[in-house]
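Here are a few exercises to work through with the model open. Try each task before you read its solution.

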Amino acid sequence: MAAGLPPDALGRRVACGTDYGTVRYVGSVSPTAGKRYTSNNLHILWLFSRHPKGGSFIRPNKANFGVDFLTAVKDRYGLSDNQDVQCGTGNTVVFGTKTVEFIGMDSVAEQQRQLNKLVDISVRECAVSHAGQEEEISRTCANMRHINLSKNLISSWETVVAIASQVQNLETLNVSENKMRFPSTSTFTSSAFSNLKILALNQTEITWTEVLLCAQGWPVLEELYLSSNNITVLERPDNVLQTLKLLDLSDNQLLDGNQLHLIAQLPRLEQLILRNTGISSIHFPDAEFGCKTKMFPSLKRLAINDNKISQWSSINELDKLPSLRALQCNNNPFVDTEKNPETLKQLIIAKISQLEVLNNCEILPAERRGAEFDYRKIFGKDWLEAGGHWNPEKNKPSEEFLAAHPRYPALCLKYGAPEEGELKGQQPLTLKNQLLTLTITCPEKPEQKPVEKKLPESMTIQKVKGLLYRLFKIPSSDLKLSYRSSKLEGKEVELDNDLKPLQFYSIESGDCVLVRW
């Protein structure tokens with residue numbers, strides 16, 4: 001190996017300018033037509049990270065093989081011996097010819113000079129390639145808990161272990177954007193990660209098999225980020241990852257949705273991120289419709305946006321998850337089956353009974369009630385044609401209907417079976433048909449006689465209050481509205497959002513609006 005090159009140059013990660021790559025050859029290059037070389041024609045062949053099949057020869061002196069961890073920390077936090085930094089006056093520091101003022105300079109400088117007091121350290125893009133001298137990190141940075149090592153020149157998982165083993169209470173570690181070699185067989189498990197709770201391995205080219213091998217050393221890990229690693233197949237994580245609460249597999253093209261069954265028994269998993277994983281369907285075969293699956297028992301938050309899910313049956317399946325509360329599902333083909341975004345939202349809400357947040361928007365109780373009530377009405381005609389009946393003894397909807405609308409029986413139990421008047425064919429949408437005939441009454445003011453009004457179903461609650469101000473001479477800000485319906489016997493629904501129209505609350509002609517102040 002030539003002077004100046006590390007003995008283990010082959011396979012190392014290097015930087016050349018703003019490009020990163022892996023060394024694949026070190027040696028002489030024969031002259032080619034039109035090119036002349038000096039007597040020293042030693043070159044390095046390296047493969048670019050951003051061009052997996054592309055490479056280039058460079059001179060050894062142009063390859064940056066990186067620095068040790070502690071050198072990078074000192075450079076990042078202004079403590080390097082060779083850094084051109086001078087102390088200024090007051091709260092200033094001079095960098096070359098520039099004077100920079102710092103707020104709270106005294107305390108910050110004191111902390112920077114005492115590296116062992118730093119808890120959160122970031123050396124992202126600092127060309128870290130190795131741990132350095134043994135035990136030097138533990139002597140200098142004894143209190144580190146959170147380390148960002150992303151986008152450096154780390155070539156192997158062994159280097160990460162060498163650094164982490166010197167940090168006694170390491171809780172958070174980000175080594176994303178380092179293309180590394182990982183253990184391929186079960187080896188001695190290091191105690192370096194005995195306290196680690198959060199680990200990011202995005203864009204490291206790790207496989208799921210390698211994850212499970214390394215996971216033997218992550219006994220208390222709670223969050224694992226594995227985005228963009230070309231993971232296509234999963235394996236059952238026996239005796240590892242049992243403490244995991246969050247798993248991010250986004251931007252990995254999984255073979256199919258059935259791969260999820262292999263990680264479905266993680267007992268504490270609360271959040272699963274499957275954005276852009278190529279899945280086209282979701283199915284929990286252990287549970288019938290109307291029942292809960294034993295898979296993903298603790299899963300509360302699921303992200304399946306940017307996938308290939310085209311059938312509503314996959315959304316029906318999500319109602320089987322016993323703990324699901326939040327869902328992200330934008331940018332899937334099934335959303336194109338409904339042009340009205342508000343109707344699309346209502347359909348999803350009605351199909352998943354325990355959902356509280358949809359695409360990062362909270363589902364209010366009135367919104368759920370309206371969505372379920374409308375769903376029951378919209379598909380009522382299909383229910384009758386499929387064998388549904390108001391008489392429980394004759395109510396035998398077909399298997400096909402129940403497969404398409406598994407929650408329909410539960411909605412009928414909750415709100416009652418749809419009445420014949422609700423299921424009449426829709427009339428042309430004229431202004432007359434959009435008017436609601438409502439009885440307005442003041443239950444706490446018996447001297448106010450009930451009034452009947454015809455109001456457009458598109459009228460907002462705020463405008464309704466404006467009309468009532470003219471009627472009762474009470475400021476709209478003091479008015480509290482609710483309504484009762486014969487179909488919701490014994491229930492009173494608050495009209496609590498001034499910006500929503502009457503139709504949002506599923507109010508119908510004949511209902512009674514109650515006014516209080």
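**Exercise 1.** In this predicted model, find which residues Trp 218 is in contact with, leaving aside its neighbours within four places in sequence.

*Solution.* Start at Trp 218 and skip those sequence neighbours; what's left is Trp 157, Phe 193, Leu 199, Leu 201, Val 211, Leu 224 and Leu 241. Next, place Trp 218 in its core: the largest nonpolar core has 121 residues, and Trp 157 and Trp 218 touch the most other members. Finally, look for a second, separate core; that one has five residues, including Leu 5, Val 23, Ala 63 and Phe 65. As background, nonpolar side chains tend to be buried together in soluble globular proteins.

**Exercise 2.** Work out which residues of helix α4 are buried, and what they pack against.

*Solution.* Take the helix first: α4 spans residues 157–164 and is mostly covered, with six of its eight residues buried. Now name them: Trp 157, Thr 159, Val 160, Val 161, Ile 163 and Ala 164. Then look at what surrounds them. The buried residues of α4 pack against four helices and strands you can tick off early, namely α1 (69–76), β10 (128–130), α3 (136–140) and β12 (172–174), and also against β13 (198–200) and α5 (208–214).

**Exercise 3.** Lys 151 and Lys 473 both have a positive phi. Where does each sit, and is each exposed or partly exposed?

*Solution.* Begin with Lys 151, whose phi is near 50 degrees even though the residue isn't glycine. Lys 151 turns up in the loop between β11 (146–148) and α4. Its relative accessibility is 25%, so Lys 151 counts as partly exposed. Move on to Lys 473: phi is about 60 degrees, again in a residue that is not a glycine. Lys 473 lies in the loop between α13 (461–472) and β23 (480–484). Here the relative accessibility is 61%, and because exposed means over 50%, Lys 473 counts as exposed.

**Exercise 4.** In which sense does β25 pair with β21, and in which sense with β23?

*Solution.* Take β21 first: this strand (residues 435–441) pairs with β25 (residues 512–516) in the parallel sense, over three bridges. To check a bridge by eye, go to Thr 439, whose partner in β25 is Cys 512. Now try β23, which pairs with β25 in the antiparallel sense over five bridges. For a bridge to inspect there, pick Leu 481; its partner in β25 is Val 515.

Note on methods: Residues numbered from 1 in each chain as written. Predicted model: local features only at pLDDT ≥ 70, side-chain atom pairs only at ≥ 80, totals over all residues. Heavy atoms only, no water. Buried < 20%, exposed > 50% of the residue type's maximum accessible area, 1.4 Å probe, protein only. Helix = DSSP H or I, 4+ residues; strand = E, 2+ residues; numbered from the N terminus. Contact = heavy atoms within 4.5 Å. Pairing = 2+ DSSP bridges. Core = buried A, V, L, I, M, F, W, Y, C linked by side-chain atoms within 4.5 Å.
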